[in-house]
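Colleague: I am new to this one. Could you show it to me and explain how you arrive at the words you use for it?

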Amino acid sequence: QLPQLKSVYHALEVPVKRQQLQNAQQPILECILPAAIAQREQEQLVKSVNEQPCEGSFVKEVRIVPSTGPSTAKLEFHLQPQVFVEHLLGNNASPHTETLSEHVVVEYSSPNIAKPFHVGHLRSTIIGNVLSNLHQHLGYRTTRLNYLGDWGTQFGLLALGVQLNNVSDEQLQASPIETLYSSYVAANKAAEESPEVAQRARELFAALEAGQDDVMSKKWQQYRQYTVKDLSKVYHRLGVHFDSYEWESQYSQQQIQAILDKLRSAGLLQREMDGREIVVVDGRRIPVIKSDGSTLYLARDIAALLERWDRLKFSRILYVVDNGQADHFNALFKTASALENNLNLKQLQHVKFGRIHGMSTRQGNAIFLKDVLDEARDVMREKRNLSATTRENSSLDDEHVCDILGVSAVLVNVLKQRRQRDHEFSWQQALQVNGDTGIKLQYTHCRLTSLLDNFRDVELDEVKPDWHHFSKEPIDALDVLYELARFDQCVWQSKEQLEACVLVNYLFGLCNATSRALKRLPVKLESCRHKQSQRLLLFRAAKRTLQQGMQILGLTPLNQM
């Protein structure tokens, strides 16, 4: 009946009830047992656990706490208190990480070329970045992919728009994305008014797809370079990076003919009366090839998945794409795994998320993400200028600080939500200092940095953490210790659930516990050197853990604000 655990380390939980911690007088880790385990099996389990080579210097005792009423039975590991506090507060304290053989590929962001980065891509970008960071932090080999849309008839319109607007190379180099986007809008409008224009766009794309237009092909490469350069500016502000930029055009008709032939040979691709070719998934007939022989998006995605499987040898691939694409990924995964025997459905996952509503500037303008981030930066500048506590600091790059604060506010406001829920964005909530916001995380980090900086002459590396001291301190000290002990577990749970909000909410709890401790455990006014140094060890560990968590979220921790 016992669950098979890949890592028992991450299955052990720090008790969250404060009363348990206060009464314990020593640190405990617990493993909640499934309700189905009978009393006789529980006794066998304790015997079995005690026979295992537990680290004697760390584990003092293992015992069963029987189920009572609604509470299920649990296995308790009573830890050696001194070793526990040294592990958490020592200078070498670090997360329990190991290099894992599993290779996880995460595809995220994936906007279209020649368009400004829209807020609709924000959630995919930052959720995908956090999931990549979580896996990397835990020791997985991680590959981050950005799969950009640069294929299809709409891109014939883009090419035509450049011609219609007589766009010069100088214009393109000066403001590439804006120029390309306005060209697309102009051609789209012209195509709505004239069937001849729409036909010309289809012909342009057909020539590009067939490799018959060398001049257009060279320009296409240029448009892609301009797009990546422009996107990189936004990604840098968001703390996001990729190992590889890949393109839908890599899987055009010419490149994927072998995959299409293989689908036909396997009987997966079936011809309809109207000339289309389809796959049947869960009783649904889904088009893959149009009647004119050109490929649809699903065909290119099947080819991309199989090519990645062959090239990257992944253990698991995550596609971070909105809820609306569930049917597409169901068809993709089932068709690809039916064609490739070694590819298991469990290795393929669509990480779904809901939409963000109400993310516009204060003027209510339609949104590109750059506008939202600029707005957040400007609002933070206004708030700082109006704040009575803001001090003049010539060494501080005010614009840089305001930008980081604004980005932190936007990111955390989105990441603290359960990803599958639609989210109503609120400027007022996002930019609060006292609520559960990105500003709170930055403020706490700055406060801890300032405290430690004021006592930089204290050689903390020479100070040995002392459990006896902390057991005599107000309970706020133990609260912080136990919050620190929960970090690795919360990182693991965040990865297991593919939910950034698990880590975000943990960091809010750590900030709250730290704020209470800063009030109850003064350092500057403490005359006892031993107490002072022990408290500094506690706050140094809090800062270190907060910093790690913020970096996993993609935030840049500030030292001053």
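Modeller: Happily; we will take a sheet and then one residue.

Modeller: This is a predicted model, in which local features need pLDDT of at least 70, side-chain atom pairs count only at pLDDT 80 or more, and totals for chains, interfaces and linings use all residues. Residues are numbered from 1 along each chain as its sequence is written, and side-chain values use heavy atoms, with hydrogens and water left out.

Colleague: How do you know that E2 pairs with strand E3?

Modeller: Strands are DSSP runs of E with at least two residues, numbered from the N terminus, and two of them pair if DSSP finds at least two bridges between them. Six bridges join E2 to E3 (residues 74-79), so the two count as paired. They run antiparallel, and Val-65 stands opposite Lys-74 in E3.

Colleague: What makes E1 and E2 edge strands?

Modeller: The open sheet has the order E1-E3-E2. E1 (28-32) and E2 (59-65) each have a single partner strand, so one side of each lacks a neighbour in the sheet.

Colleague: Why is Asp-150 called buried?

Modeller: Buried means under 20% relative accessible area (1.4 Å probe, protein chains only). Asp-150 has 0% relative accessibility, so it counts as buried. Asp-150 lies in the loop between strand E5 (141-148) and helix H6 (153-164).

Colleague: What makes the link between the side chains of Asp-150 and Arg-224 a polar contact?

Modeller: The term needs a pair of N or O atoms within 3.5 Å; within protein, one must be able to donate a hydrogen and the other to accept it, and residues adjacent in sequence count only if both atoms are side-chain atoms. These side chains make their polar contact at 3.1 Å, so the distance meets the cut-off.

Methods:
Helices (H or I, at least four residues) and strands (E, at least two) are DSSP runs, numbered from the N terminus. Buried means under 20% relative accessible area, exposed over 50%, partly exposed in between (1.4 Å probe, protein chains only).
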